[in-house]
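Here is my note on the model you sent round. The points are numbered so that you can reply to them one at a time.

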Amino acid sequence: MTTDRMLKFVGTAKRMPTKRPAEERATDFGEIYEEFDAAGAQQQAGRCSQCGVPFCQVHCPLHNNIPDWLMLTAEGRLEEAYEVSSATNNFPEICGRICPQDRLCEGNCVIEKGFESVTIGSVEKYITETAFANGWVKPVVPPREREQSVAVIGGGPAGLAAAEQLRKRGYQVHVYDRYDRMGGLLIYGIPNFKLEKEVVERRSALLADGGVVYHPNTDIGTTVSLDDLRARHDAVLIATGVYKARDIKCPGVGLDGIFPALDYLTASNRKGLGDDVPAFDDGTLNANGKRVVVIGGGDTAMDCVRTAVRQGAASVACLYRRDRANMPGSQREVANAEDEGVDFQWLSAPEAFVGDGRVTGVRCQRIRLGVPDATGRQTPQVIEDSSYVVDCDMAITALGFDPEDLPALFGVKELEVSRWGTVRIDFRTMMTNLDGVFAAGDIVRGASLVVWAVRDGRDAADRIHDYLSAKAAGDARDAA
Ligand code: FAD
Ligand code: SF4
Ligand code: SF4
């Protein structure tokens with residue numbers, strides 16, 4: 001009986017999979033959470049109260065059927081749990097690891113009020129890892145092959161989710177990426193201790209086994225033009241993400257030893273993947289033995305501080321102009337960083353970088369939070385005569401990302417973008433103003449989350465299918 005196994009939240013406490021002790025995990029790049037064992041997953045899934053209106057599902061961008069896969073897990077029916085979970089999510093083992101669950105499914109779990117939420121993300125990861133271990137995860141085999149082909153620009157989560165969905169319908173799918181590996185920020189942005197790279201490579205290999213064709217080292221706009229792609233394929237999806245690091249405008253910004261976050265994280269991830277990275281080997285992008293200051297309060301800043309700890313930095317400080325309650329990053333990641341020894345300096349804004357040729361410190365001003373602005377967040381206000389200097393040998397700026405100038409990059413100035421540079425689409429069709437050219441992921445929304453990229457990729461695949469079906473029907477009518 002289902003009810004015998006569910007509704008256990010009253011008597012069973014929330015338990016996450018074992019987290020490796022901070023002093024142990026801070027010395028390596030392995031993931032920090034261990035896997036649930038079967039009994040642990042079953043017990044935790046059984047805490048779900050099987051809500052009639054499951055707010056967890058409402059607040060998951062993919063509207064995953066969470067209550068059903070929790071019930072199936074509690075009943076030990078894991079193959080069925082995998083089928084349900086993978087029906088709405090192309091990468092459940094990835095989202096289970098890196099979604100900010102405290103802001104999405106778990107943060108909205110009904111039993112959070114009075115009891116602690118169900119550990120949804122960890123169970124999702126457990127289900128898919130079990131499915132991989134048992135050989136239940138299979139490459140796509142389309143029911144029939146279609147002649148029409150789609151070019152996907154960008155092999156990040158949006159592009160890969162779209163590619164898989166399109167292959168399921170039998171389209172010939174070609175993914176073009178400027179980098180040598182597929183995965184986008186999953187491979188070169190997000191560090192190993194949150195998402196081990198084998199997990200990403202396992203997925204990209206599975207897609208290739210299912211017939212998706214990869215074109216790495218192919219920069220659209222340089223190696224191949226957008227017009228070439230439009231001529232070669234029946235539809236094109238732009239899923240290029242956002243990569244232009246936001247600048248910090250203050251004196252001393254040109255000193256040596258100051259780096260944008262993504263340069264630093266990419267070097268570390270490439271090193272972990274076994275690549276030759278001269279700028280890491282010569283010490284430029286290696287925090288070992290250095291006093292490091294990271295500026296910013298989002299997930300990227302958290303990844304930088306925790307990478308620096310693992311590289312053996314002498315000290316790591318994080319400067320953020322608001323307080324902990326107002327920071328954009330996941331609270332769970334902040335807590336993990338604190339445990340690993342990061343010194344958070346809340347309500348601190350950089351005023352200038354100091355040094356003679358090379359950075360030796362960041363001069364900061366103390367901040368007080370004023371009245372909330374239109375977004376509801378309190379506005380930072382500088383406290384007069386409050387300057388102080390944080391000494392450092394390396395400074396990393398993690399202030400967010402903007403889109404590159406795609407119309408210029410692609411040499412197609414008629415491609416419409418918003419005033420922020422994101423690609424404009426018709427939200428009903430997901431098509432840009434260019435016929436047959438669609439867009440999805442961060443390049444449409446601005447810097448966001450993996451789970452939203454997956455959602456957008458899936459939606460775009462559906463809309464591309466509508467477009468290509470109509471086109472094929474039109475061609476058939478013309479031929480008749
Ligand atoms: P991307 O992942 O950026 O992929 C875009 C791809 O397009 C890249 O492979 C790029 O090489 C390729 N490309 C770009 N231009 C061209 C071109 N001209 N020609 C060919 N290829 C091109 N989200 C979470 O949910 N949880 C997290 O913990 C998390 N941590 C993050 C940590 C960091 C450091 C960063 C930077 C982001 C993090 N995010 C996180 C956000 C998440 O990674 C992104 O929202 C997501 O990857 C966006 O997916 P995408 O497919 O739109 O773009
Ligand atoms: Fe939660 Fe993310 Fe999984 Fe949705 S995809 S259930 S938000 S962990
Ligand atoms: Fe179960 Fe929580 Fe979702 Fe309710 S909101 S169905 S208790 S996981």
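**Notes on the fold and two loop residues**

1. Strand S1 (residues 149–153) pairs with S4 in the parallel sense, over 4 bridges. Within this pairing, Ile153 has Ile238 of S4 as its bridge partner. Please keep in mind throughout that this is a predicted model.

2. S4 also pairs with strand S16 (residues 437–439); these two run parallel and are joined by 3 bridges. Here Leu237 is bridged to Phe438 in S16. S4 therefore has pairing partners in both S1 and S16, and Leu237 and Ile238 are among the residues involved.

3. How are the faces of S4 (residues 235–238) covered? Ala235 and Leu237 lie on one side, Val236 and Ile238 on the other, and all four are buried. The two residues named above as bridge partners, Leu237 and Ile238, thus belong to opposite sides of the strand. The cut-off for buried is under 20% relative accessible area.

4. For the protein as a whole, there are 19 helices and 16 strands. The C-alpha trace spans about 80 × 60 × 45 Å along the principal axes. A compact globule of 480 residues would have a radius of gyration near 23 Å, and the protein has 23 Å, so the two agree.

5. Buried residues account for 55% of the 480 residues. Of the contacts between residues at least 6 apart in sequence, 70% join residues at least 24 apart.

6. On the surface, about 20400 Å² is exposed, and carbon and sulfur atoms supply 50% of that area. There are 55 positive and 69 negative side chains; the centres of the two sets lie 3 Å apart.

7. Two backbone angles should be looked at in the viewer. Gln50 is not a glycine, yet has a positive phi of about 50°. Gln50 sits in the loop between helix H3 (38–45) and helix H4 (55–58). Is its side of the loop buried or exposed? With a relative accessible area of 26%, Gln50 counts as partly exposed, because that class lies between the 20% and 50% limits.

8. The other is Leu347, also a residue other than glycine, where phi is positive and near 55°. Leu347 is placed in the loop between strand S9 (343–345) and strand S10 (348–356). Its relative accessible area is 25%, so Leu347 is partly exposed.

Conventions
Residues are numbered from 1 along each chain as its sequence is written. Chains are lettered from A and ligands numbered from 1 in the order in which they are written. Side-chain values use heavy atoms; hydrogens and water are left out. The radius of gyration is taken over C-alpha atoms; the globule rule is 2.2 Å times the number of residues to the power 0.38. Buried means under 20% relative accessible area, exposed over 50%, partly exposed in between (1.4 Å probe, protein chains only). Contact means heavy atoms within 4.5 Å. Accessible areas come from the Shrake-Rupley method with a 1.4 Å probe; for residues, only the protein chains shown count as cover. Lys and Arg count as positive and Asp and Glu as negative; His and the chain ends are not counted. The place of a charge is taken as NZ of Lys, CZ of Arg, CG of Asp or CD of Glu. Two strands pair if DSSP finds at least two bridges between them.
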